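Visitor: I'm new here and would love a tour. Could you walk me through what we are about to see?

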Amino acid sequence: MQRNATAVGGARGSDHLLRRVRPRGPLSAELADRLTAEPQPLPDLESLAREAVTDATCTLTDADIQLSLTVLYELHYRSFDDIDDRWEWHPDLMGAAVCLEAAFEGDLRALVAPRLPADPVAPAGVADALADLVTADDSPSLGKHLARHGTTAQYAELLTHRSMYHLREADSHTWTIPRLAGPPKAALVEIQADEYGSGRADWMHSTLFAVSMRGLGLDDSYGRYLNDVPAITLAWANTMTLFGLHRRLRGASAGHLAALEMTSSLPNRRYADGLRRLGFDADTTRFFDEHVEADAVHEQIAAHDLAGRLATAEPRLVEDILFGAAAALAIDGRVAADLLTAWASGGSLLGSASLPVTTISANRGDIDLVSSSRG
Ligand SMILES: [Fe+2]
Ligand SMILES: [Fe+2]
């Protein structure tokens, strides 16, 4: 029997709210607490951020740091229900973000250093260098596993993790558009136009992803699973935002997108094949099917017209273009490895925390602490 996306659909919540944030340490607790009030000075926040960085073994896997970055970044996206938008550019939040980002970027650069070419790459060689990075990536293949052996629960978990980005798909790299000019800008706009459905809301990739989530029985409410995903998943999404929000990292953003596009078509074919094997309908597989076709084109545009032309226009960005691509491959590979390891023993990466749930309730201007073993 074919499974139908609308019939299996999960509970529908509000379309764009992050209702509950469960703190994962002192810094995220402070943010979840204070952001429910009117904007006001938070003189201790930067020192809390500094302490979090000092205490962290690695920012990529530190839940308090990654959740705090997610909360700070979300203020630039659709933000939280009833949170005052003036928080977005609050100087004390900026101070904390700068501190976290410096450590986060440092850890990303350390992570990918072994992947980068030993010798300098000429601007004309950037597209080839990107292809070499992709070829050399030896991360385990989620696509191969899911196509042959994936269960409905494993697909649901994959989409839960990926909902941290794909429900707002393409927004992170869109921030790079005004930072570019000429041919690379035109190339990025061409890619992003497709990601946003070329003017058709029902073909926006974020919309197609939401349909797939419902097909898997998930709740497609924006941010619904924030409390369930581990730090590395938040780091995966935060990497894109870090690159997109900083003009100085425009090369990394372009390289990151190029790597995503260059490693999309084949895995998405496998994801769709596995869903069909499990009996899911065309609505549920459409997000993946769409990427098979679209990204076969996007990878050429991204490697040559975006990254290649950007390198030619601004040769000093070559290293960052390759850094961004290597970061995309490394973090994606780390999430894949963690998932496959967990699944091999019948486990999951979701909902491992057992902390109180904080309900942001700005209507009452306070916070409800609700005991819960799982968000
Ligand atoms: Fe897409
Ligand atoms: Fe794409």
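Guide: Happily! One cut-off first: a residue counts as exposed if 12 or fewer other C-beta atoms lie within 10 Å of its own, and as buried if there are 20 or more. Please keep in mind that this is a predicted model.

Visitor: Is glycine 106 buried or exposed?
Guide: Glycine 106 sits in helix α4, which covers residues 91-112. Around glycine 106 there are 12 other C-beta atoms within 10 Å. The cut-off for this class is 12 or fewer, so glycine 106 is exposed.

Visitor: How many residues apart along the chain are glycine 106 and threonine 59?
Guide: In space, the C-alpha atoms of glycine 106 and threonine 59 are separated by 9.1 Å. Along the chain, the distance between glycine 106 and threonine 59 is 47 residues.

Visitor: Now the whole protein: what share of the residues count as buried?
Guide: The protein is built with 15 helices and 3 strands. Of its 375 residues, the share that counts as buried is 48%.

Visitor: Which helix gives the largest share of the largest nonpolar core?
Guide: That core has 102 residues, and among the members that touch the most others are Leu130, Ala258 and Ala325. Alanine 325 is in contact with residues outside its own stretch of sequence, including Leu133, Gly255 and His256. The largest share of the core is 14 residues, and it comes from residues 318-344, helix α15.

Visitor: How are helices α11 and α12 placed, oblique or roughly parallel?
Guide: Helix α11 (residues 231-245) and helix α12 (residues 250-262) pack with their axes 7 Å apart, at an angle of about 140°. Angles under 35 degrees would count as roughly parallel and those over 145 as roughly antiparallel. The angle therefore makes α11 oblique to α12.

Visitor: Which residues of α12 make that contact?
Guide: From α11 come Met240, Phe243 and Gly244. By class, the contact of α11 with α12 has 3 nonpolar, 3 polar and no charged residues. On the α12 side, the contact is made by Ala252, Ser253 and His256.

Visitor: What is phi of alanine 170 near?
Guide: Most residues other than glycine have a negative phi. Alanine 170 lies in the loop between α7 and α8, and is buried, with 20 other C-beta atoms within 10 Å. Its phi is positive, near 95°.

Visitor: And what is phi of serine 79 near?
Guide: Serine 79 is in the loop between α3 and α4. Serine 79 is partly exposed, with 18 other C-beta atoms within 10 Å. Phi of serine 79 is also a positive value, near 65°.

Key
Residues numbered from 1 in each chain as written. Chains lettered and ligands numbered in written order. Predicted model: local features only at pLDDT ≥ 70, side-chain atom pairs only at ≥ 80, totals over all residues. Core = buried A, V, L, I, M, F, W, Y, C linked by C-beta atoms within 7 Å. Helix = DSSP H or I, 4+ residues; strand = E, 2+ residues; numbered from the N terminus. Contact = placed C-beta atoms within 7 Å. Axes fitted to C-alpha atoms, helices over the stretch in contact; angles between N-to-C directions. Parallel < 35°, antiparallel > 145°, perpendicular 65-115°, else oblique. Nonpolar A, V, L, I, M, F, W, Y, C, P; charged D, E, K, R; others polar. Lists of a residue's contacts leave out its neighbours within four places in sequence.
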